[in-house]
Amino acid sequence: MGWIKTTFHKTGSPRWFFTGARPWVVGLYVFGALLIVVGSTWGLGFVPPERLQGNSVRILFIHAPAAHLAEAIYVSIAIAGFVFLVWRMKMADMLIQAAAPIGFVVTVLALATGIIWGIPTWGTGWVWDARTVSTLLLAFLFFGLVALRQAIGREDRASRAVALLALVGVINIPIIKYSVEWFTTLHQPPSIVIGEKPAIAPVFLIPLAVNVVGFYCFVAGVVIAALRARIAEREAGTQWLRDWMSKS
Amino acid sequence: MRLFFTQFRRDLLVAVRSRSDAANPLAFFVLATVLLGLGAGAELAPGVIWVLALFANVLAVEGVFRRDDDDGTLEQLLIHAQPLFPAVMGKLAAHWALSGLPVAVLSPVAAIMLTGSTTGVGVLVLTLCIGTPALTLLGAIGSALTVATGRGGLLVAVLVLPFYVPVLIFGASASTAAMLGDPVAFQLLALAALLAASLTAAPFAVGKALAISQEY
Amino acid sequence: MEDDLLVAENIRCAVGDRVLFDELSLSLQPGELVEIRGPNGSGKSTLLRCLVGLHEPDAGEIHRTVDSLYVGHRSGICGRLTPIENLRWLAGIAGSNADDVSIRAALGHVGLGDARHDVCDSLSAGQQRRLTLARLLVSPAPLWILDEPLTALDDDGRDLVGDLLTRHRTTGGAAVCATHQALPTVPAGTHALTLGS
């Protein structure tokens, strides 16, 4: 079990992370971008039009990964929040700080592509569909994390309040999702449910999976890069950072 | 229990001494009902009454800790109340008794004004009685998190309104269903479950958030 | 030691990059008074808030073995309540069994006997400060943590603080006191701790 502790302490050290993570950023960028290009070209150019949705199905190759990723980012933020509140690990706080705006952007991307997809498919940009509503609310949860941090002047106090908010949020997400789902099935079931959960044909599934992995890698790269920027900001003036700067 | 009642009595007393503050949520609720009737006409669904009650709630709960933070009684509470949980509950109970409860009691009037009918009014009052304490508990988390900012206002609303969604959905749905004569048991159970969940979890989050707000 | 009321070991506090204090240790035994001095911004208040448990230090440990009483910059007095109601509430949440008789006596002792039924908003700043002194009389806490207790007090009030401290110490209590002006009566057994030097 010793290695767990060592890894924990090492990732907890801004210096270790800052110097060690640079190749990862480059690697994730390149690998993620490659997968996205492959997946999107495949999805946009080579997949046959869907039986009912026609060509508009193609935007789902962007939409679905973004929607997936948005939730994953929020959960990671909440885990980081827990780590920060319990162990006061500064890296966890910096991760929240770096990831929250990125999560917001990804959620908005998911919403925007969803609306673009909805116009030809559902005949309207906005439908009171469970996923749509909970994704919109998720965007506001991300927004709240950023807004709360900006509103609290003292940095350490802001960090802990934001971490707590993230935890409260992650407990609420399933409740919100469930209630919205109940609401939408009661009122207005989405007119078309294909292309979503039930049975995706393999011909769609493979490029989709490629894109999902690509999105994860690329955004992980962005988050790590943002995290390194935060570290550089916070550790500015320390000896090790100056040494590192002069070396590279 | 002693902590609960000490805090409950004290907060009621403070609210009674500042009467207009205590009456504001109710006044807002009535005024908003009038404005909605003027702006959107009558024959609205009882769901809109739920939305009004929810807004009245968030406006009221936003400042629930502000005065105590300003005069330092909040830090005294954090130092002395062992455990903090019952004192926080006492405070929120007093707050609800003067914001959520009067709104629930007065909601039949709003229902008659806006929907022109008394069908299902009993269920409306019942859902508000179960739902608004849950809203107060959830809203108090946002209020406690923003104590340190010295201002709350819209920020509290942005933070907590997403958390209000489930309560609103079940409360409004039950009220509407009752008006149409549909069964409401499931929604009422769901509301009760939400209240139970917020009763168990929210005071701890509030306590933690208050402790953070008093860090230097 | 066994009869320590408060022990702080190697505590460290920083605001952003600025370290207020580091490796600070302190222990208090019955009868002791520690005076904390230092210019504005040197971390006096932060240290006191650490000692009373409102602020968690960045490093180090603090053990309190007894109840403590804290008088901070903010009065801890609700302006909408009367002095009696305020003291009753404080006694209630602290779980002390102060009855109305002792509360009245305390208010009389600090010179608020006539104002005990006025709401605190109508009291002057000095009178409100005296009300916080009445807390010292009512509370059974053996450990006092006082932040600038002399602020807004007249000479008479300052002497009162000195008397209260002396009495508290002779009855087995201890106190930590932050000041930027010397306490009126500094009895023997006072330790001074200067921050920000």
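Let me start with two helices of chain B in this predicted model, helix 2, which covers residues 19–40, and helix 3, which covers residues 47–61, because two packed helices are described by the angle between their axes and the distance between the axes. Here helix 2 and helix 3 of chain B pack at an angle of about 145°, and their axes are 9 Å apart. The crossing that helix 2 of chain B makes as it passes helix 3 of chain B is right-handed.

If you look for the residues that meet there, helix 2 of chain B brings B:Asn24, B:Pro25, B:Phe28, B:Phe29, B:Ala32, B:Thr33 and B:Leu36, while helix 3 of chain B brings B:Val48, B:Leu52, B:Ala53, B:Phe55, B:Ala56, B:Leu59 and B:Ala60. Sorted by class, the residues of this contact are 12 nonpolar and 2 polar, with no charged residue among them. As you follow the numbers along each helix, it may help to recall that an α-helix has 3.6 residues a turn, so residues three or four places apart point the same way.

Staying in chain B, please move along to helix 9, residues 154–180, and ask where this helix bends. The bend, of about 45°, is at B:Leu161, and within four residues there follows a proline, B:Pro162. Helix 9 of chain B is also mostly covered, since 20 of its 27 residues are buried. Just after the end of helix 9 of chain B comes B:Gly181, whose phi is positive, at about 85°.

Now to chain A, which has 9 helices and 0 strands. Of the 248 residues in chain A, 41% count as buried. If we consider the contacts in chain A between residues at least 6 apart in sequence, 81% of them join residues that are at least 24 apart.

Chain A also touches chain B, and to that contact chain A gives 24 residues and chain B gives 21 residues. Which elements of chain A give two or more residues to this side? They are helix 6, residues 130–151, and helix 7, residues 155–187, and it is helix 7 of chain A that gives the most, with 15 residues. On the side of chain A that touches chain B, the classes come out as 18 nonpolar, 3 polar and 3 charged residues.

Let me turn to chain C, where the domain assignment gives domain 1, made of 1–66 + 142–197, and domain 2, made of 77–141. The C-alpha centres of these two domains of chain C lie 23 Å apart, and their contact takes 12 residues from domain 1 and 8 residues from domain 2. On the side of domain 1 of chain C that touches domain 2, the elements giving two or more residues are strand 6 (143–147) and helix 5 (155–170), and the largest share, 4 residues, comes from helix 5 of chain C. That side of domain 1 of chain C divides into 9 nonpolar residues, 2 polar and 1 charged.

One residue of chain C deserves a pause, namely C:Ala175, which is found in strand 7, residues 174–178. Is C:Ala175 buried or exposed? C:Ala175 is buried, because 25 other C-beta atoms lie within 10 Å, and 20 or more are needed for a residue to count as buried. Leaving out residues up to four places away in sequence, C:Ala175 touches C:Leu33, C:Trp144, C:Leu146, C:Leu165 and C:His168. C:Ala175 and C:Leu5 are 170 residues apart in sequence, and yet the distance in space, from C-alpha to C-alpha, is 9.8 Å.

I will finish with some backbone details, and here the background is that most residues other than glycine have a negative phi, and most peptide bonds are trans. In chain A, A:Arg88 has a positive phi, near 55°, and this residue is found in the loop between helix 4 (60–87) and helix 5 (90–122). A:Arg88 counts as partly exposed, because 16 other C-beta atoms lie within 10 Å. In chain C, C:Glu148 also takes a positive phi, near 50°, in the loop between strand 6 and helix 5, and with 18 C-beta neighbours inside 10 Å, C:Glu148 is partly exposed.

Finally, in chain B, a cis peptide bond joins B:Gln82 and B:Pro83, with omega of about -5°, and B:Pro83 has its place in the loop between helix 5 (73–80) and helix 6 (84–98) of chain B.

Terms used
Residues are numbered from 1 along each chain as its sequence is written. Chains are lettered from A and ligands numbered from 1 in the order in which they are written. This is a predicted model: local features need pLDDT of at least 70, side-chain atom pairs count only at pLDDT 80 or more; totals for chains, interfaces and linings use all residues. Axes are lines fitted to C-alpha atoms, for helices over the stretch in contact, and angles run from 0 to 180 degrees between N-to-C directions. A crossing is left-handed if the near helix is turned anticlockwise from the far one by less than a right angle, and right-handed if clockwise. Two residues are in contact if their C-beta atoms, placed from the backbone, lie within 7 Å. Ala, Val, Leu, Ile, Met, Phe, Trp, Tyr, Cys and Pro count as nonpolar, Asp, Glu, Lys and Arg as charged, and the others, Gly among them, as polar. The bend at a residue is the angle between axes fitted to the seven residues ending there and the seven starting there. A residue is buried if 20 or more other C-beta atoms lie within 10 Å of its own, exposed if 12 or fewer, and partly exposed in between; C-beta atoms are placed from the backbone. Domain bounds come from an automatic or database domain assignment.
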